[in-house]
Amino acid sequence: MIENSLYLEEVSIPGGPERQFDVLVFSDLRFPGGTSTSVSGALRCLKRGGYDVGLIHVASSVFSTNRPFHPEIVATIGEGCARLVPPSSQLLVSQLALFQNPLAFRTPLNIPFRVKAEKALLVLNQPVTNAVGEPYYDLETAIDHCQRVAHTDVTVAPISGISRDNFQKSSPRERNILTEDWTEIIDASAFTVDRRRFCGDFPVIGRHSRPGDEKWPGTADEMLAAYPARADVRVRILGVGPKVKELVGTPPSNWDVFHFGDLDVRYFLSTIDFWVYFHDPTWVESFGRAIAEAMASGAVTLLPKHFERNFSNGAIYCEPAEVLDVVDHLYRHPKEFRNWSERARTVIENDYSGDRYLERVHRLIGPPKNRVGDFDSTDDAASVDDKRPIAIGGATSQAPNTKQRYLDVVYMGDFCSGEEDWPRAAEEIGQLRRYRLKIGLVHLPAASTTRTVNADLLAQVHDGAAEPVNPMRSVINAKSVVLTVSTLEKILAERPIHHVFADQVVVLCDGLFGTESWPSFLHWLQQQVAEMFGGRCLFSAVRPSQYRVLQSANSVLPIGPPWVISAFKSGSETLRRTVRSIAPDLPWRVGMFSHPDESAGQSSTATGTDFIVPDDVWQAWWYGCPPTPPEQGEEMVFIDSTEMTVERFLAKVDAVAVLPSACRNGASYSAAWKALHSGLPVILPESWREDFGPGPLYRQPTEYRDTLRQLTDRPGFGREILNHAAFQLERTGASASDNHRKTAEALTAQVEPKPVRLRHSRRRRVLFMSSNGVGVGHLSRLIAIARRLPDPADPVFLSLSQALPIVRQFGFHGEFLPYHLSTLSDYEDWNGWLQLTLEQIFDAYSVGTVVFDGNMPYSGLCRAVSTRNNCRLVWVRRGMWRPDQDNTTHLSRSRFADLIIEPEDIASEWDTGEAASQRHEVVVVDPIRVLDADEILTRKESCRHLGLNQRKRYALIQLGAGNNYSNVDLIDRVVSSLGEIGKVQPVIAEWLTAEAPLDLWPEVPRLRCYPISRYYRAFDFTISAVGYNSFNEIISFGLPSVLVPNLNQMMDDQSARASYADSHQAAIHLDSDLRPMLREVIAAIHDDELRRNMIKGSRKLARPNGAQDAASIVARVAGIAGDPK
Amino acid sequence: MNGNDEQNLNRRIAKLTAQNDRLREVIESLAGRSTLQRRSTFASQQGTHLNAFEEFAPLQEHRLKPPQPTVGGSLAGTAIQDNKWFPAIGTELGPLEPSPGWRCLTAHDAPIRLGFDLTGMDATQVEKAVVEVERRQLQERDFIPVFIIDMCEFEAFRFRGYVFEYVPLNISQAPRTRRAERRYFKHRLELIKAKWNLRDIIDLSD
C-alpha cells in the first residue's frame, strides 16, 4: 500500500493505462540523509541529460507512516526533475529501473501497477554488513523483492570501492554486479572555497557529519588526537553528538561545536582549513558524502587508510596520532597545502561529477527516448483563460458613489487582523513601488473590532507606496487583486464585494493543504472569483513548502509565480548597532512571536507551556501575546502588530525566537525573514526548516533558553550564526530580485518590467518635541541639545508649551500645538488629532528623528512614529519622579523609544522615583543646561543688559509660572520680607508660560528673559522654585539660594532636590517646617559669609554640562554625519 | 517665634556653615526686629519691566529647508474622512472642544465653533482683533472662537484662555518653496477645521 496516497494523487501526473519513461526511480522518499540527497542529485542530473523520470515512493517499514518526504525530494519534484507516479497507473514502461537503498526493499513492494523495465539496478547506498560482518539487512531478500517488481534481473550497483568490497565479502551467492561503481554525484562548484589563504592565525580543523555514535572515533585518546585540545589549533565540529560528551566531557575551549543543521555545510567548509574524519571501527562508510563535500571545497582532508579505495590520491591517509604533525607541517608550508587542496578538488571533479553519472546512464540505456514535458501542454490549456477586459459597473449593484478609481494592484483583506501576514504584504508593496505601480488597499473590516490597521501597512501608506481606497465611495478597477484564501473565504461567507473589478485575482494559499479536498475547493474558488471580480484567477503561495505542493498540481489549477519574498529590505540593523554602541549595557532582548489567541486561552497548545521566560540575562519582548500570561514579577514587554512595524520591533531586539504556535501569527513568518536580513540570530521550530533552509537555528521550544544563553555566553557562537545567515542570504540574493520581478510581471502583465531607482530625500531632519510642562524645562533641554547638533541636523521644533518664542530666539524654526488641557476635550481624542498633525509635520519637514522631552511620550506620538520605518524616537527622560506617583503607564512607553537619554540631576543620588529603578534601559548624561559656564555674563555685563545698577544688591525671585499652584502669596511674603530687611532689591522673574502677569507689586521690577541663568551674576541670591533647570543651573553656576519646592502632585520631586542641596550646604531648603519663618531665612541669606559658603558647597556639587554628550548621542541615532560642536 | 521653631531654624542653617556662633547672632538679631518697619527701597525701580531677550546665534549654522508638500499625505485625509472604515487612528476621532475663554466660560456649550484667521497680523493688530472677537462673543454667546495665527506672541490668547493654532508662514522667500508652503498651510487648515469642527474660518488676515 502506498502511503501519502492523497498527496500522490493530487500532485502527480494524471493516471492512465500505460506510461513510458526513460528511468523509473524507486525509493522511500522519506529517508532523512544521504539516500534522499543522492536521489535528488540523480534526478537533477537525469533531467539535465534530458531523461524522463518517473518517481515511485516505496513506503518501507523503516519509518513511521506520518513522516513527510525529504525536502530535497519535494524540491526536485517542484523543479520538474521527476514526476510522481500515481497509483491509478496500470503499466509503467522504462528502460532502466533504479532501486535506491536496499533498506527500503526488505519487505515486498506493494505496488498497484505493473512495471516493465529493460534493466534494473539495486544501488547499494547502505553497506550490507558492518566491519565485523554483522548484516544490516538481508540483501538476497531485497534483490528478490526488486526483481518481482521490475520483471527483470536486478544488477547490484556498489556506490564505491568500499561498498563493492563490503558486498563481495558479505554476499554468499553469485550475483550480477555492475563492473563500474555507481558513484554519487557531487556538484563541486557548489562547494568551492578560495584556499589561497588560511582561515585564521591558527590552523582550523573541522568535520561535519550526522551526530550518530558510529561517526566518532572509538576512544577518547583517538578523539583528542584527531581533534586536539590545544590553544594553537582551532577545532570546529558541526554535528556534535552524545558520543563526544561521553569521550571528552565538556568540549575543550579551542573547540567550536554546533548541532547538525545549525550551519549550512558550504558555509561551514569555508571556515576551516583541514577536514579530519575518523569513525568507529565497527562502522562501514559506503561512500562518505561529507568527505567528498569537504574535498570539493578544497579543505585538505585527513582520513583512515581504508578510504583510499574511494578517494584515491585526493586525501591524506593517516592515523589519528599523526594528524597534528600533518596539520602543523602543511600550515607551515602553504604551497604544499594548496597542492593537496587542488588534488582533493580534482578527484571529486573527475570521479563524482554529474557528467560521469550521465555517461554511465548513457552506457547502460543510451540517449533519452521520452522527451521531458510531454504532459505539460494540456496543463497550460486548462489553467489560464484569455484575458478579460476590465469590468466596470458590472452586473452587480453599483457603488453609492460612482467615482471610478483605476489602480494597478489592490490588496484586500482585514488589515486589522493579527492572523494574516500583513508585514509580508507591506514588504511586497514596498518592493513593487519600484515599478511605479498604483497600489490600493481595500480594507474589509471585521464586524466588531477595536483594533487599528496593521502598522506595516500604515508605513507603506506614509511612504506613499499605497493608498486606502474605500469601495463604498468609488468603483475600483484594478489590473490585479491580491488576497489570501482565508480572506476570500470570509468574503464569500460574509459579504460579497460588488465594487471591485479586476483583470486577475491572485489568490495566495495560506495553510490550506491540511484539508483533504483542497484541489476541488480551489476549483470552486476559481469560479467564485470569476463571478465576483470579473477576472481570471491565479493561485500561488508565500511559503516555499506550500508553493511546491501547489505547483505539483499544475495540471488542474492556474498557478502563478512563487509569491516568495526572500529579500527583505531592512534598516533596523544600523539603528540596532548604533544604539548598542551608545548603550552597551542595555539588557539583552529576545523578540518572541506567538499567536494572539493563545493568551485568551482559546487554543492552548502543548508547546504553549514551553515558551521561554526571561531570565536574568534575557528580557522577552513579545510581538503579539505570549502563550500564557506572564507571572507576577516577570518583566516582559508586549507590542501589538497594530502598534509598531516589524522593522521597528526588530531594531529593539538582539535575537528572534518563534514558537511553534506562531505558525498562525501572520507576522511571524515574514518577521523571521526580516530578522535574518537585518543580522539577527533567529531561532525557529524544526517544522520551519523546509521554508527557511539553512540560516536560522532550529530548536525545540524547551531548548530556546539554553540557545539564547549560548549566544550571550559564547560571543563566537553568536558571530558564527550571523556570518552563516549572511552567507546564506548572499547566495539567495539573485533569486530574490528575480522573484520580485516575476511578481511585478504577474501583477501587471508587463513583460520584463524594469524597476526604477527611487529617490529618497537625503535630508532627514531632527524634530524636537516638548510636552507642555508647567515651566520651560522640557523645551530648555531640547534647545540645549539642538544648538549643539552638527550642521546637517537642521532641527525643527514642535512645542506644546507656549514658550515657543524662546525657540525662535535661538534661531530655530518651530511649530506649536495646543495641549489638551487648553481644551475641554478627552485626552484620547486629543491624541488622535496629535497623531494626524504629527504625520503632516513629519511629511512636510522630512523628519527622520524625533527627540521628545516630557514625562510620557503621548500615544499619538508613539503611533505616529511607530508606524513609520524611517523615523526614530529618542526620549529625553529626566529623573527625580515623585515616589508617591504611579508612573507605570509612563514607563511602559519606553518600548516605543529607540533610545532613552536620562539627563542626570545633581541630586540623582536621592532619586527614589520609579524611573530610578529603570536605569538599565537608559543612557545617562550629565545634567543638561542651555548655557555653558563661559556663556554666563559677568555682573557688569548682566546689569548693563538688564538695566540694573551694579553697585546695588539684587535678589531674584523665581517661583515658577504659577500655573499649577498659586505663587502669589509666596511672592508677596518674599517681597515683604526683603522690603523689611531693606538691603536688597527684589526682581521677580516672570515665566513665559504664565497664564497671568505678575504685576501686583508695582515697586518691584519684573524680569522677562531667557535663559535667566545668563544674568545670574547680577543677583546676590535667589528665592527659587526647584524645577530641573533652575536647580541645576543655580547649583552649577553657584548662585546662593533659598529653594522653595512646588509640592503639586503632578510635579517632580522638588523637595528631594532642595533637601539634597541643603544637606550639602549649597542652599537652604525652605520646607514646610521653615515656611512660617520665611522672613528669618531670607534675612539669614543676606549674610555674606553664609552665601560664600553656599557658593563653596555648590561648587562641590557642580557637574559638567551634559548637553554636548546628549547632542552627540542624538546625532548618532539620527545618522547625522559630522562631529557635533 | 517659639523655642522649637528657633531651634529648628538654627539646626538647619547651622549645616550651611561651620561658624555657628556668628550665625546665631544674626538670627537672634533678626528675631529681635520683629517690629521692623517695611521700608520702600524699591522706589527707583517702580513699574520697571526688564526684558532681556537676546538673540542667540546658533552654535551651528542651520540652513532650514522649508516644508515640502506632503508626499504620502493620504493617511491624514483618509483618517479625517474615513477613520471608521480604515481605522488608522486608535480612537473614534471626534472633534475637540475648544475652551470658550476665561470671560465666557459658561458659554462652553455654544453651538458654533468659528475659526478666525489672523495670519499676517502683528501683535498689536492681533490684540485688537481678539478684543473685538471677545466683545462679540460676550454679546452673542453663541460661538466659541479658535484663532489661527502666524506670529509668535501668544499672550493675547493665553491671558484670555482662548485656543489658538500657530501655523508658521514665510519660512522661505523662494517662490517655489513659497508655493509649497502655501500647500502645506492649506493641508494644515483642513486638519484644523476638522479637528475643532469649525463651521467656517473667517479670514481677518492681513
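**Entry 1: a network of charges**

I began with a group of five residues: Arg939(A), Arg953(A), Asp1020(A), Asp1088(A) and Arg1091(A) are linked in a network of salt bridges. I note here that the model is predicted.

From this network I looked up one pair, Arg939(A) and Asp1020(A), whose side chains meet in a salt bridge at 3.7 Å, N to O. I then checked where the two partners sit. Arg939(A) is in helix H32 of chain A, while Asp1020(A) is in the loop between strand E34 (1006–1009) and strand E35 (1021–1024), so this pair links distant parts of the chain, 81 residues apart.

Is each partner buried or exposed? Arg939(A) has a relative accessible area of 23% and is partly exposed. Asp1020(A) comes to 14% and is buried, because buried means under 20%.

**Entry 2: two further salt bridges**

I next looked up Asp926(A) and Arg1103(A), and found their side chains in a salt bridge at 2.8 Å, N to O. Asp926(A) lies in the loop between strand E31 (923–925) and helix H32 (939–946), and Arg1103(A) lies in the loop between helix H37 (1088–1101) and helix H38 (1107–1118), so the pair ties together parts of chain A that are 177 residues apart in sequence. I also noted that Arg1103(A) is partly exposed, with a relative accessible area of 25%.

The other pair I picked was Arg230(A) and Asp232(A), which form a salt bridge between their side chains at 2.6 Å, N to O. Arg230(A) is partly exposed at 32% relative accessibility. Asp232(A) is partly exposed too, at 31%.

How many salt bridges are there over all chains? I wrote down a count of 64.

**Entry 3: a positive patch**

I turned to the surface and found a positive patch formed by Arg1092(A), Lys1096(A), Arg1099(A) and Lys1100(A). I took Arg1099(A) as the residue to check. Arg1099(A) lies in helix H37 of chain A. Its relative accessibility is 63%, so Arg1099(A) counts as exposed.

**Entry 4: Arg345(A) and Thr250(A)**

Where is Arg345(A) found? I located Arg345(A) in helix H12 of chain A, which covers residues 334–351. Arg345(A) counts as buried, at 11% relative accessibility. I left aside the neighbours within four places in sequence and listed the residues in contact with Arg345(A): Thr192(A), Val193(A), Arg195(A), Met295(A), Ala296(A), Ser297(A) and Gly298(A).

Thr250(A) is in the loop between helix H7 (242–248) and strand E9 (255–258) of chain A. At 68% relative accessibility, Thr250(A) counts as exposed. I also looked up its distance to Gly418(A): from C-alpha to C-alpha, Thr250(A) and Gly418(A) are 44 Å apart in space, with their positions 168 residues apart in sequence.

**Entry 5: chain B as a whole**

I closed with chain B, which has six helices and five strands. Along the sequence I read the pattern α-α-β-α-β-α-β-α-β-α-β.

What share of the 206 residues of chain B counts as buried? I noted 46%. The accessible surface of chain B comes to about 10700 Å², and 47% of this surface belongs to carbon and sulfur atoms. Lastly I looked at the contacts in chain B with a separation of 6 or more: residues 24 or more positions apart account for 65% of them.

Key: Residues are numbered from 1 along each chain as its sequence is written. Chains are lettered from A and ligands numbered from 1 in the order in which they are written. This is a predicted model: local features need pLDDT of at least 70, side-chain atom pairs count only at pLDDT 80 or more; totals for chains, interfaces and linings use all residues. Side-chain values use heavy atoms; hydrogens and water are left out. A salt bridge is a side-chain nitrogen of Lys or Arg within 4 Å of a carboxyl oxygen of Asp or Glu. Buried means under 20% relative accessible area, exposed over 50%, partly exposed in between (1.4 Å probe, protein chains only). Helices (H or I, at least four residues) and strands (E, at least two) are DSSP runs, numbered from the N terminus. Patches are made of residues with over 30% relative accessible area and no salt bridge: like charges are joined within 9 Å, nonpolar side chains (Val, Leu, Ile, Met, Phe, Trp, Tyr) within 5 Å. Accessible areas come from the Shrake-Rupley method with a 1.4 Å probe; for residues, only the protein chains shown count as cover. Lys and Arg count as positive and Asp and Glu as negative; His and the chain ends are not counted. The place of a charge is taken as NZ of Lys, CZ of Arg, CG of Asp or CD of Glu. Contact means heavy atoms within 4.5 Å.
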